[in-house]
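Visitor: I am new to protein structures and would like to learn how the words people use for them are justified. Could you take me through this one?

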Amino acid sequence: MIDLRSDTVTQPSEAMREVMALAEVGDDVYGDDPNVNQLEHEAAVLAGKEAALFLPTGTQANLVALLTHCQRGDEYIVGQNAHNYLYEAGGAAVLGSIQPQPIDMAADGTLPLDVVASVIKPDDAHFPRTRLLSIENTHGGKVLPLAYLQQARVFTQEKGLALHVDGARILNAAVALDVPLSTLSQYCDTLTLCLSKGLGAPVGSLLCGDAEYIKQARRWRKMTGGGMRQAGILAAAARYALQHNVQRLREDHDNAQWLAEQLSALGVEVLAPGAQTNMVFLRIPAHEAAQLGPWMKERGVILSVDSVTRLVTHLNVSRADLERLITLWREFLTVAESDKRENVTETRAIYG
């Protein structure tokens, strides 16, 4: 099957499975797992931070990040469509009594800093304490501009806020900009980094920050059920991903750009700004959207089809796979157009 629903569907390669099988392990809760310890060190160096923490999921990594930054009754400012506000089950509010203050995101995925300033609460007993600005890079495949990251850093320092980046796909942003990760992460206090999307590891995310912050985050990881034992099997996969699968993200980006161009040539509406990284967003007419998903699945292609449809390229999708997709899509449009003409003819026959 050609699966373009998400880069979360990636499978570990044979080489990755081999390092997992041979991984030296220990009890990570005791700090004894050599692969976990090495992974956390390597990730901290990569991000230009003092320390890092290995967690099983991105959702837990973001939750632990917020719990470490904020106390009960504090708030974080976040985008209306940000993952750690909209798609993580309200964990910060439910488990941490941390109030989100969502605001509308700009078209490029940034949070307008003048709007952020307008929702920061005064030091008054009536209000929660505003502690944190949380941004997302990439957001919907869009890369946040370096100039914006610089401005956000200056802004949060002036306002006395911490700055957290949900960086599930931040390495896609670094590869797209052709800069080291540390060039992006130098502007934030903390960031999360997902290993199980385009990097191809089966499990895991990282939280990076200064040493004291990560010390406190480790306690929250334990409290939220993230203390793992012989986690070196997973950490070995993560280390392989960071060593071998970062620069190959460029291939995913190139494939997404090619796909956007080919679909546009077929008359499919590709939403702006096109493919900056590994995602293409399309607007599909309602009469086609209802048929496209099942039609493609019968022919070996899995899509999540809606009026706005996201296609995601990743390491298990080749250019040849995408060429087959374009061939099938062309065939589908031909069939859909034929059905449309038949329906018009039948309608005219009925109503004269």
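Visitor: What makes up the two domains of the protein chain?

Guide: Keep in mind that this is a predicted model. The domain assignment gives domain 1 as residues 2-244 and domain 2 as residues 248-350. Their C-alpha centres lie 32 Å apart.

Visitor: How do you know how many residues of domain 1 and domain 2 are in contact?

Guide: Heavy atoms within 4.5 Å count as a contact. On that basis, 24 residues of domain 1 are in contact with 27 residues of domain 2.

Visitor: What is the area buried between domain 1 and domain 2?

Guide: About 2300 Å² is buried there, and carbon and sulfur atoms give 59% of that area. Ile 2, Leu 4 and Arg 5 supply 36% of what domain 1 buries against domain 2, more than any other three residues.

Visitor: Why is the pair of Arg 250 and Asp 178 called a salt bridge?

Guide: Let's set the value against the cut-off. A side-chain nitrogen of Lys or Arg must be within 4 Å of a carboxyl oxygen of Asp or Glu. For Arg 250 and Asp 178 the closest N and O atoms are 3.6 Å apart, so the pair fits the rule. The count between domain 1 and domain 2 is one salt bridge.

Visitor: Which elements give two or more residues to the side of domain 1 that touches domain 2?

Guide: They are strand E1 (2-3) and helix H8 (170-177). H8 gives the most, with four residues. Sorted by class, that side of domain 1 has eight nonpolar, 10 polar and six charged residues.

Visitor: Why is the protein chain called as compact as a globular protein of that length?

Guide: The chain has 14 helices and 12 strands. Its radius of gyration is 22 Å, and the globule rule gives 20 Å for 352 residues; the two values are close, so the chain is as compact as a globular protein of that length. Along the principal axes, the C-alpha atoms fill a box of roughly 75 × 55 × 35 Å.

Visitor: What makes the pairing of Arg 221 and Asp 28 a salt bridge?

Guide: The side chains meet at 3.3 Å, N to O, and the rule asks for a distance within 4 Å, so the name applies. Arg 221 lies in helix H10 (residues 211-223) and Asp 28 in the loop between helix H1 (14-21) and helix H2 (34-47), so the pair ties together parts that are 193 residues apart in sequence. By this rule the count comes to 14 salt bridges.

Visitor: How do you know that the side chain of Lys 121 makes a polar contact with the side chain of Glu 75?

Guide: The cut-off for a pair of N or O atoms is within 3.5 Å. Lys 121 and Glu 75 make their side-chain contact at 2.9 Å, so the distance meets that limit. The side chain of Lys 121 also makes a polar contact with the side chain of Gln 101, at 3.0 Å. You can find Lys 121 in the loop between helix H6 (113-119) and strand E5 (129-136).

Visitor: Where are the cis peptide bonds of Thr 138 and Pro 273?

Guide: One joins Asn 137 and Thr 138, with omega about 5°, and Thr 138 lies in the loop between E5 and helix H7 (146-159). Another runs from Ala 272 to Pro 273, with omega near 5°. Pro 273 is in the loop between strand E9 (269-270) and strand E10 (279-283).

How values were computed:
Residues are numbered from 1 along each chain as its sequence is written. This is a predicted model: local features need pLDDT of at least 70, side-chain atom pairs count only at pLDDT 80 or more; totals for chains, interfaces and linings use all residues. Side-chain values use heavy atoms; hydrogens and water are left out. Domain bounds come from an automatic or database domain assignment. Buried area is the accessible area (1.4 Å probe) that two parts lose on being put together, summed over both. Ala, Val, Leu, Ile, Met, Phe, Trp, Tyr, Cys and Pro count as nonpolar, Asp, Glu, Lys and Arg as charged, and the others, Gly among them, as polar. The radius of gyration is taken over C-alpha atoms; the globule rule is 2.2 Å times the number of residues to the power 0.38. A polar contact is a pair of N or O atoms within 3.5 Å; within protein, one must be able to donate a hydrogen and the other to accept it, and residues adjacent in sequence count only if both atoms are side-chain atoms.
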